[in-house]
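Let's take a walk through this fold, one piece at a time. Keep the structure open beside you as we go.

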Amino acid sequence: MDALKSNIASIVGGDASGDRAPTGLEGLDSVTLTRFVLHGQKSHAEAKGDLTMLLAAVQLACKVTETCVRRAGIANLYGLAGSGNVQGEDQKKLDIIANDTFKVNIQSSGKCCVMVSEEEDLAILCDRTYNTGKYAIAFDPLDGSSNIDANVSIGSIFAIYKIDDPAAITTPQEAAKEILQPGREMVCAGYAMYGSATNLVISMGEGVHGFTLDPSLGEFVLTDPNMRIPSRGKIYSVNEGNARMWDPATTEYIKGLKYPEDPDKKAYALRYIGSMVADIHRTLLYGGVFIYPADAKSPDGKLRLLYEAAPMAFLIHHAGGKSTTGKEDILDVMPTGIHQRVPVYMGSPEDVADFEAVHAKINNTV
């Protein structure tokens, strides 16, 4: 951690929190995401710049998507596209635009051999003519798309994995098999959130760092170095409309948050946006717990492991938090399919530990 803080300080020109004396020239020496990644590359002698180029393609895809989101009303991009994705969900116009944007930019980087998208049935084998990279990426190009027309914060999520032998992959089925890795094997994860400001939060396994898009520069600028989630929060985030279908452990845990037995303990506040990116971003900043459990309607859970649960768990973990499916750490789950779903409980470590204790207690008495 000390090495990480020193590395950040050497970039931002102050301490690890980014604090420094005012110079009157603020903004002229901004640490952009590209500069930040290039600086990190220098500390890995074996690095060839492939990951840096892939991340440059990802951030460009996020910028293009952000522009489309901002202009959606003017450009008539709201509403359904008249098609559905592999999940059986109605696709919005922006879903399709964002998906195409991510595919084109990532493939054009030449550093990715396999892509998996929420919007695509099969894994995508990148064009071999110029794609020589040893990386695979899974992404949800537009998370929370049900909120698009209401102008609520939405986002993009991505997870990058290393592939040992890209040349051996010749079919979408083989591509899918290679990217089915547990979250702990992830090289990098992040999300972009398109709200009142556009944020990009990223981790390469050494801390979690937040960037904000500066419209005047057209660049993501480092604004939140070394983000840490509070050990305990005061907020829980869950769709209580599904409460009647929850399992006993989830029901008991939420009851304890709303009606604590200790009269001196304050009840938790409910905050639920319905966009995973927005809910996780708030949880990361303020603490608490985000929950999307399995229920009678979705016995395996609702959120997809590879490009929703695992990358968010990776970020929460490296910010000092915890995640679980109720049975095991989300980062330890070995995927069995590219669109596999899992129950999700993640957030502040003490809050998640409280849920695990309730879960263990109820399951030991059943």
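**Rings, a helix and a sheet**

Ring pairs join Tyr-253, Tyr-345 and Phe-355 into a cluster. Keep in mind that this is a predicted model. We'll come back to that cluster, but the sheet is a good place to get our bearings.

The sheet is open and has eight strands, and reading across it gives the order β4-β3-β5-β6-β7-β8-β9-β10, with mixed pairing. At the edges stand β4 (124-125) and β10 (219-224); each has a single partner strand, so one side of each is left without a neighbour in the sheet. Step inwards and you find β3 (residues 112-117) and β5 (residues 135-143), which pair in the parallel sense over five bridges. If you want a spot to zoom in on, Val-116 has Ala-138 in β5 as its bridge partner.

Now for what lies on top of these strands. Helix α4 (residues 93-108) lies across β3, β4, β5 and β6 (154-162), and its direction makes an angle of about 160° with β5. The helix has 16 residues and reaches 23 Å from its first C-alpha to its last, close to the 22 Å expected at 1.5 Å a residue. After α4 comes Gly-110, with a positive phi near 75°.

Which residues of α4 are buried? They are Leu-94, Asp-95, Ala-98, Asn-99, Thr-101, Phe-102, Asn-105 and Ile-106. Look down the axis of α4 and these buried residues fall within an arc of 160°, so they line one face of the helix.

Phe-102 deserves a second look, since it leads us to the aromatic pairs. The structure holds four of these pairs. In one of them, Phe-102 is stacked with Phe-139, at 5.3 Å centre to centre and with 25° between the planes. Phe-102 sits in helix α4 and Phe-139 in strand β5, so the pair ties together parts that are 37 residues apart in sequence. Both Phe-102 and Phe-139 are buried.

Another stacked pair takes us back to the cluster: Tyr-345 and Phe-355 are 3.9 Å apart centre to centre, with 15° between the planes. Here Tyr-345 belongs to strand β17 (residues 344-347) and Phe-355 to helix α9 (residues 349-365), so the pair ties together parts that are ten residues apart in sequence. Tyr-345 and Phe-355 are buried too. Along with Tyr-253, they make up the cluster we started from.

How values were computed
Residues numbered from 1 in each chain as written. Predicted model: local features only at pLDDT ≥ 70, side-chain atom pairs only at ≥ 80, totals over all residues. Heavy atoms only, no water. Pairing = 2+ DSSP bridges. Helix = DSSP H or I, 4+ residues; strand = E, 2+ residues; numbered from the N terminus. Contact = heavy atoms within 4.5 Å. Axes fitted to C-alpha atoms, helices over the stretch in contact; angles between N-to-C directions. Expected span 1.5 Å × (residues − 1). Buried < 20%, exposed > 50% of the residue type's maximum accessible area, 1.4 Å probe, protein only. Arc of directions from axis to C-beta. Phe/Tyr/Trp six-rings, centres within 6.5 Å; stacked < 30°, edge-to-face > 60°.
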